[in-house]
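Let's take a walk through the hidden spaces inside a protein. Have a look at the model first, then read on.

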Amino acid sequence: MPTRGGVQEAAKSIAAILPPTPLLPVEINGARCHVKAESLQPVGAFKIRGGWWRLSNLSEEEKARGVVAVSSGNHAQGVAWAARKLGIAATIVMPRNAPKVKLEATRALGAEIVLYERPGEDRDEVAARLIEERGGTLVHAFGDPWVIEGQGSAGVEIEAQLGHAPSRILVCCGGGGLAAGLALACPESDIHVVEPHCWDMVGQAIAAGAIVRVSQNPPSTICDALQPDATKPINLAVLQGRAEPGVTVTDEEVRAAQRFAFSALNLVAEPGGAAALAAALAGKVPLDEHTVIMLTGGNTDAASFAETLFGN
């Protein structure tokens, strides 16, 4: 299981190779709060944290065999970046319909990409076949203790930047890796998971106390980074009793958040990276001067971002 001590060690390791991302003051609906700009990481997302800490903890034998990861793009880039820095071969299983900007960026970092059909194919089965055929260590995007600890390093940074624990943290949530890491890093803070409408597998699991899988025909969402079929037991174990009831956001609320981030903060946010900000703007979570909103990624292509800003 991941631990708070592991998060603190991960934070030390990450601080040695990366500067902290900015914690920006912002006013939302009359409340002063803060935005943690993880979109400014070298790979454009917080996933670099978990990728680095997981790969750093591989044995020399494991490093020699390489790693396999599954991702729609941000975890892919985080793992590929760490693999290149550590001299490890990386194979990433990615959906064929992943944003082109994420596919190209992952390939540019030197990773091999294996495509699968989404929907239609089980990405975990594709990864399992690759590992059986080639060997290698699976680096799961959220259900891995080292990945969770690495993501939690953002919370250590936040407390250092604020000078105290935040009252609450609003977290864009896919499988729950970042939310679990922040829950460990900031035990005094309320954790609010924010997911796309009808893709709230973490929020539903917290409410039910058991893993909940997405429905057979879920509606589409522009938040490509926040679409896992279900969370994992390790994430639920950390978040159960720690996270507040989850909230969901619509595509239109997310687009409004992207526009706000651009106009108020001069930041480019991808849809999934703006979900927590969307919840704040929509008044779905209370805000105060000690609230921190995670802006988790900025990997969006120019055409779709321009459409969000200006319409057709």
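**Spaces inside the model**

Start with two elements, α6 (123-134) and β6 (137-139): each of them supplies at least two residues of the lining of the second largest cavity. Keep in mind that you're looking at a predicted model. So who exactly sits around this space? The lining is made up of Val70, Arg123, Asp124, Leu138, Val139, His140 and Ala141. Sort those residues by class and you get four nonpolar, one polar and two charged. The space they surround, in the second largest cavity, comes to about 40 Å³.

How many cavities of 30 Å³ or more are there? The count is two, and now it's time to visit the other one. The largest cavity has a volume of about 340 Å³. Its lining takes 31 residues, and the ones closest to the centre are Lys47, Gly174, Gly175, Ala225 and Leu226. Try finding those five in the structure to get your bearings.

Which elements help build this lining? Look for α4 (74-86), β7 (168-172) and α8 (177-185), since each one supplies at least two residues to the largest cavity. Among the elements, α8 gives the most, with three residues.

Finally, what is the wall of the largest cavity like by class? You'll find 14 polar residues there, along with 12 nonpolar and five charged ones. For the second largest cavity, remember, the lining had four nonpolar, one polar and two charged residues.

Terms used
Residues are numbered from 1 along each chain as its sequence is written. This is a predicted model: local features need pLDDT of at least 70, side-chain atom pairs count only at pLDDT 80 or more; totals for chains, interfaces and linings use all residues. Side-chain values use heavy atoms; hydrogens and water are left out. On a 1 Å grid over the protein atoms alone, a cavity is a set of points where a 1.4 Å probe fits but cannot get out, and a pocket is an open set with protein on both sides within 12 Å along at least five of seven lines; lining residues have an atom within 4 Å of a point. Grid points are joined across faces, edges and corners, and a volume is the space filled by probe spheres set on the points. Helices (H or I, at least four residues) and strands (E, at least two) are DSSP runs, numbered from the N terminus. Ala, Val, Leu, Ile, Met, Phe, Trp, Tyr, Cys and Pro count as nonpolar, Asp, Glu, Lys and Arg as charged, and the others, Gly among them, as polar.
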